[in-house]
Amino acid sequence: MILKRRGDIDRFLASPSPGVRAALIYGRDLGVVRERAQSLAAKVCDRPDDPFDVALITDGDLAADPARLADELMAQSLIGGRRLVRLKLMAERAATDRLVAAALETHAAGGFNPDAFFLIEAGGLGRDSPLVKSAEKSAGCAAIACYEDEAGDLARLTREALAAERLGLTPEALDMFVRRLPGERGVARQEIERLTLYLGPGSGAVARPEDLVDFLGVEPEASLAEAAQDAFGGHAGAAQAALRRARAEGETGPAAVRAVSLHLGRLRRAATMTAGGADMAMATRAAGVFWKNEREFMRQARAWTLAEIDALQPQVLAADLACKQTGSPDHLIAERLALDIARRARRLGL
């Protein structure tokens with residue numbers, strides 16, 4: 001049984017169906033996998049941390065003793081109540097995958113101890129994985145894939161965590177904070193916890209964008225980002241100065257070209273969205289522009305059309321390849337690219 005939609009997943013985790021005896025929770029975002037597994041374990045077992053009720057197994061355990069999984073699934077709880085067999089797969093191994101898939105099919109169909117719950121946590125399994133196939137086709141098993149959080153997920157996570165501590169952010173501050181969060185759930189939670197401590201748990205504070213400046217600091221690789229922005233804004237001298245400052249800070253030519261490529265990609269996304277009917281402010285936010293740079297970015301985005309962006313793309317790719325050649329003057333290549341972009345920008349009226 002496949003659960004894809006967030007609502008279906010949340011309902012199942014809150015109240016697992018009585019006929020479901022197993023669950024496979026997997027995906028590259030191990031933070032989400034962990035959170036969902038913990039939530040489900042607390043629902044299917046009265047004492048999810050009690051070793052008398054719960055068997056914890058890893059793929060290393062199965063490699064040493066392949067029969068252990070079946071033994072644990074057949075065992076009864078020593079003190080009554082529902083037994084939980086929790087398997088954590090750290091690596092994708094074909095033999096282990098097939099072994100677990102076979103055990104899952106048997107258990108989901110009512111074999112072994114039908115009152116036990118079999119919970120499997122795994123990383124990024126492919127669609128051709130026998131374990132994924134077994135979980136998806138078994139009516140007695142829930143297959144839940146976990147993906148990196150998107151902006152809306154992170155915003156909800158932030159609001160709920162802050163509300164629990166009687167804290168909040170204005171819509172503008174929430175947008176600014178979420179855009180700086182990584183997609184991985186575990187790391188994002190750590191950043192939210194840092195913000196909670198910064199604002200003061202229980203203080204009732206509602207932070208505005210200016211209240212977060214010291215907390216967020218400057219944009220990562222600020223000198224390179226500044227150089228790219230200056231180049232696309234037609235400021236040749238400022239772009240060159242920022243690149244030389246970045247070089248003094250230890251940045252390389254390829255990193256400078258990457259910053260240019262990233263800015264170009266943001267302009268492309270904004271241009272594509274506005275061509276589809278989105279307003280410029282929405283397109284700018286969707287492009288992930290650092291909040292302090294939004295006004296300048298919107299000025300540039302009105303001038304850099306998709307046709308201009310397409311015309312520039314081959315030059316950026318060529319500079320990237322040239323920078324990576326052994327012995328190449330990578331900093332000079334990056335400077336030349338920035339100056340050429342600035343000249344193009346001036347011709348566009350910037």
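Guide: Exposed means over 50% relative accessible area, and buried means under 20%. The model here is predicted.

Visitor: What makes Arg-166 count as exposed?

Guide: Its relative accessibility is 55%. The cut-off for exposed is over 50%. Arg-166 therefore counts as exposed.

Visitor: Where is Arg-166 found?

Guide: Arg-166 sits in the loop between helix H7 (151–164) and strand E7 (168–169). Its phi is positive, about 55°, although Arg-166 is not a glycine.

Visitor: Why remark on a positive phi in a residue other than glycine?

Guide: Because most residues other than glycine have a negative phi.

Visitor: Which loop holds Phe-112?

Guide: The one between helix H5 (94–108) and strand E5 (117–122). Phe-112 also has a positive phi, near 55°, and is a residue other than glycine.

Visitor: Why is Phe-112 called partly exposed?

Guide: Its relative accessible area is 28%. Buried needs a value under 20%, exposed one over 50%, and partly exposed lies in between. So Phe-112 is partly exposed.

Visitor: How do you know whether Lys-137 is buried or exposed?

Guide: The relative accessible area of Lys-137 is 61%. Exposed begins over 50%, so the label follows. Lys-137 belongs to helix H6 (residues 130–137).

Visitor: What does Lys-137 touch, leaving out residues up to four places away in sequence?

Guide: Met-1 and Glu-105. Contact here means heavy atoms within 4.5 Å. Lys-137 and Ile-2 are 135 residues apart in sequence, yet their C-alpha atoms are 8.0 Å apart in space.

Visitor: How many disulfides does a search of the whole structure find?

Guide: Zero. A disulfide is a covalent bond between the sulfur atoms of two cysteines.

Visitor: Why does Cys-45 have no such bond?

Guide: The closest cysteine sulfur, in Cys-141, is 18 Å from the sulfur of Cys-45. A disulfide needs the two sulfur atoms within 2.5 Å. The pair is therefore too far apart for a bond.

Visitor: What makes Cys-45 and Cys-323 count as buried?

Guide: Cys-45 has 0% relative accessibility. Cys-323 has 6%. Buried means under 20%, so Cys-45 and Cys-323 both qualify.

Visitor: How do you know that the reach of helix H13 is close to the expected one?

Guide: Helix H13 (residues 253–275) has 23 residues. The expected span is 1.5 Å times one less than that number of residues, which gives 33 Å. From first C-alpha to last, H13 reaches 33 Å, so the reach is close to expectation.

Visitor: What phi does Gly-277 take, just after H13?

Guide: A positive one, about 110°.

Definitions and conventions:
Residues are numbered from 1 along each chain as its sequence is written. This is a predicted model: local features need pLDDT of at least 70, side-chain atom pairs count only at pLDDT 80 or more; totals for chains, interfaces and linings use all residues. Side-chain values use heavy atoms; hydrogens and water are left out. Helices (H or I, at least four residues) and strands (E, at least two) are DSSP runs, numbered from the N terminus. Buried means under 20% relative accessible area, exposed over 50%, partly exposed in between (1.4 Å probe, protein chains only).
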